[in-house]
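Thank you all for coming; I would like to walk through one structure with you, slowly and a step at a time. Please have a look at it first, and then we will begin with a question.

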Amino acid sequence: MSLLSKNYQSSTEIIKDHAFTGLFYNNSHIKNHPDKDIVLPATTLAPD
């Protein structure tokens, strides 16, 4: 959420269309953490 909002600690909405389009495009170095789940605190998402 800190990529989208200065007030990310309490932010729960992603309202910009295509907010993360291409963020990880063609990146082969991203891997899941073996012990932690990925968490997206947003409860409202914009349409794709």
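Does Asn-26 count as buried or exposed? Before I answer, please keep in mind that what you see is a predicted model. Asn-26 has a relative accessibility of 72%, and because the cut-off for exposed is over 50%, Asn-26 counts as exposed. As for its place, Asn-26 sits in the loop between S1 and S2, and its backbone has a positive phi of about 60°, although Asn-26 is not a glycine. To see why I mention that, recall that most residues other than glycine have a negative phi.

There is another residue to put beside Asn-26, namely His-18, which also has a positive phi, here of about 55°, and which is not a glycine either. His-18 lies in the loop between S1 and S2, and with a relative accessible area of 53% His-18 is exposed.

Let me now step back to the chain as a whole. The protein chain has 2 strands and 0 helices; strand S1 covers residues 13-14 and strand S2 covers residues 44-45, with a loop between them. If you follow the C-alpha trace along its principal axes, the chain spans about 25 × 25 × 20 Å. How many of its residues would you expect to be buried, as a percentage? Of the 48 residues, 8% count as buried. The chain exposes about 4,700 Å², and 53% of that area is supplied by carbon and sulfur atoms.

On the question of how distant parts of the sequence meet, we can take the contacts between residues at least 6 apart in sequence, and among these 53% join residues at least 24 apart. Separation in sequence can also go with separation in space, as two pairs show. Asn-7 and Asp-35 are 28 residues apart in sequence, and their C-alpha atoms are 28 Å apart in space; Ile-38 and Ile-15 are 23 residues apart in sequence and 20 Å apart in space, again from C-alpha to C-alpha.

Two members of those pairs deserve a few more words. Asn-7 is found in the segment before S1, where it is partly exposed, with a relative accessible area of 49%. Ile-38, by contrast, belongs to the loop between S1 and S2, and Ile-38 is exposed, since its relative accessible area is 74%.

What, then, does a buried residue look like in this model? Ser-11, in the segment before S1, has a relative accessibility of 15%, and because buried means under 20%, Ser-11 counts as buried. If we leave aside residues up to four places away in sequence, Ser-11 touches Met-1 and Ser-5.

Finally, let us turn to the surface and to charge. Which residues make the nonpolar surface patch of about 510 Å²? The patch is made by Leu-3, Phe-20, Leu-23, Phe-24 and Ile-30. One of these, Phe-20, is in the loop between S1 and S2, and at 34% relative accessibility Phe-20 counts as partly exposed. As for charged side chains, the chain has 4 positive and 5 negative ones, and the centres of the two sets lie 12 Å apart.

To close, please go back to Asn-26 on your screens, exposed at 72% relative accessibility, and find its positive phi of about 60° for yourselves.

Terms used
Residues numbered from 1 in each chain as written. Predicted model: local features only at pLDDT ≥ 70, side-chain atom pairs only at ≥ 80, totals over all residues. Heavy atoms only, no water. Patch = residues over 30% accessible without salt bridge, like charges linked within 9 Å, V, L, I, M, F, W, Y side chains within 5 Å. Areas by Shrake-Rupley, 256 points an atom, 1.4 Å probe, with all protein chains shown as cover. Salt bridge = Lys/Arg side-chain N within 4 Å of Asp/Glu carboxyl O. Helix = DSSP H or I, 4+ residues; strand = E, 2+ residues; numbered from the N terminus. Buried < 20%, exposed > 50% of the residue type's maximum accessible area, 1.4 Å probe, protein only. Contact = heavy atoms within 4.5 Å. Lys, Arg positive; Asp, Glu negative; His and termini not counted. Charge placed at Lys NZ, Arg CZ, Asp CG, Glu CD.
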